[in-house]
Amino acid sequence: MASGITVIGLTGASRSGKSVLAARLRDHLVQRFGQDTVLRVIGLDNFYKHAVQTPEGRSEEHPDTVDHERAFQTVLTALYGRGQPVPGESNFDPTAKQRYLIVEGFISFHDRRLVALMDAKIYMRLSQEECIARRSAPRGPYNRNPQSVEYCKKILWPAHVDYVSKSVTPLGPQVKVIEADTFNPDGFLADALAHLHSLGLVPAA
């Protein structure tokens, strides 16, 4: 929290509820602290470049699908007013009493520089069966980019397992795990707030 801004990192498998939790957390903190809160959500989906060809096939889950450098520079801008400009947004109000930045994405713990900026790290754990069921479901509000069951089994899930083994598991107890097989936004929020309170990052109600 060198910048005076609390950085909350969220990650998890595709359709685990990361964006839902980020939005609920943002709304809760704004409602709780009112005008004293300045809060921004930076989603790594906004830094998607293109699919990557892998030996298994064309992948939208590979680390190289995301422009990690631009994402990192954007976070630096939000924290310190330097780095990649954030279109249409000003920097945080330095007079605000509570200032939060949420960084969320399916691969948001990949860049160690970004992880080093995070005061809290939350992983939304989804089972293989549930992940594939949600991502292969018909197009809708919670699944805007459906994929085939075959793609999910052959490319999506193995890529997630590889990401977790390389970028999530090594962080050990730094990471709070929220079980996400049951889609429960209220429960996700309660778990996240309890964790943030335990770290001293959210004042007691």
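Which residues have the most contacts inside the largest nonpolar core? Keep that in mind while you look through these close-ups of a predicted model.

**Figure 1. The largest nonpolar core, with 31 residues.** Here is the reply to the opening puzzle: Ile8 and Leu25 have the most contacts inside this core. Several elements each give two or more residues to the core, namely strand 1 (6–12), helix 1, strand 5 (98–104), strand 6 (120–125), helix 4, helix 5 and helix 6 (185–198). Take a look at Leu25 and skip its neighbours within four places in sequence: what is left in contact with Leu25 is Ile8, Ile102, Leu189, Leu193 and Leu196. Another core, of 27 residues, lies apart from this one, and Ala78, Leu101, Val115 and Val168 are among its members.

**Figure 2. The whole protein, for getting your bearings before the next close-ups.** Count along the chain and you'll find six helices and seven strands. Their order along the sequence reads β-α-β-β-β-α-β-α-β-α-α-β-α. Of the 205 residues, 49% are buried. Now think about contacts between residues at least 6 apart in sequence: 73% of these join residues at least 24 apart. As for the outside, the protein exposes about 10,100 Å², and 51% of that comes from carbon and sulfur atoms.

**Figure 3. The largest pocket, holding about 730 Å³ of space.** Its lining is made of 27 residues, and those closest to the pocket's centre are Ser14, Arg15, Lys18, Asp45 and Tyr142. Helix 1 (18–33) and helix 4 (128–135) each bring at least two residues to the lining. Which helix gives the most to the lining of this largest pocket? That would be helix 1, with three residues. Sort the lining of the largest pocket by type and you get 10 nonpolar, eight polar and nine charged residues.

**Figure 4. Arg15, a residue in the loop between strand 1 and helix 1.** You've just met Arg15 as one of the residues closest to the centre of the largest pocket. Is Arg15 buried, partly exposed or exposed? Its relative accessible area is 22%, so Arg15 counts as partly exposed. Check its backbone too: Arg15 has a positive phi of about 70 degrees, although it isn't a glycine. For background, most residues other than glycine have a negative phi.

**Figure 5. The second largest pocket, with about 270 Å³ of space.** This one is lined by 16 residues, and His62, Pro63, Pro158, Ala159 and Asp162 are the closest to its centre. Helix 5 gives the most to the lining of this pocket, with eight residues. By type, the lining of the second largest pocket splits into six nonpolar, five polar and five charged residues.

**Figure 6. A cavity of about 90 Å³, the largest in the model.** How many cavities of 30 Å³ or more does a search of the whole structure find? Just one. If you're wondering how such a search works, rolling a probe the size of a water molecule over the atoms shows where empty space is left. The lining of the largest cavity consists of Gly12, Ala13, Ser14, Glu61, Phe106, Ile107, Leu156, Ala159, His160 and Tyr163. Helix 5 (residues 149–168) gives the most to this lining, with four residues. The lining of the cavity has six nonpolar residues, three polar ones and one charged one.

**Figure 7. Leu156, a cavity-lining residue in helix 5.** With a relative accessible area of 3%, Leu156 falls under the 20% cut-off, so Leu156 is buried. Set aside its neighbours within four places in sequence, and Leu156 is in contact with Ser14, Glu61, Cys131, Arg135 and Tyr151. Ser14 and Glu61 also line the largest cavity. Try finding Ser59 as well: Leu156 and Ser59 are 97 residues apart in sequence, yet 7.5 Å apart in space, C-alpha to C-alpha.

**Figure 8. Asp186, a residue in helix 6.** Is Asp186 buried or exposed? Asp186 counts as exposed because its relative accessibility is 51%, and the cut-off is over 50%. Now look for Leu21. From C-alpha to C-alpha, Asp186 and Leu21 are 8.7 Å apart in space, while 165 residues separate the pair in sequence.

Definitions and conventions:
Residues numbered from 1 in each chain as written. Predicted model: local features only at pLDDT ≥ 70, side-chain atom pairs only at ≥ 80, totals over all residues. Heavy atoms only, no water. 1 Å grid on protein atoms, 1.4 Å probe; cavity = no way out; pocket = protein on both sides within 12 Å on 5 of 7 lines; lining within 4 Å. Points joined across faces, edges and corners; volume = space filled by probe spheres on them. Nonpolar A, V, L, I, M, F, W, Y, C, P; charged D, E, K, R; others polar. Buried < 20%, exposed > 50% of the residue type's maximum accessible area, 1.4 Å probe, protein only. Contact = heavy atoms within 4.5 Å. Areas by Shrake-Rupley, 256 points an atom, 1.4 Å probe, with all protein chains shown as cover. Core = buried A, V, L, I, M, F, W, Y, C linked by side-chain atoms within 4.5 Å.
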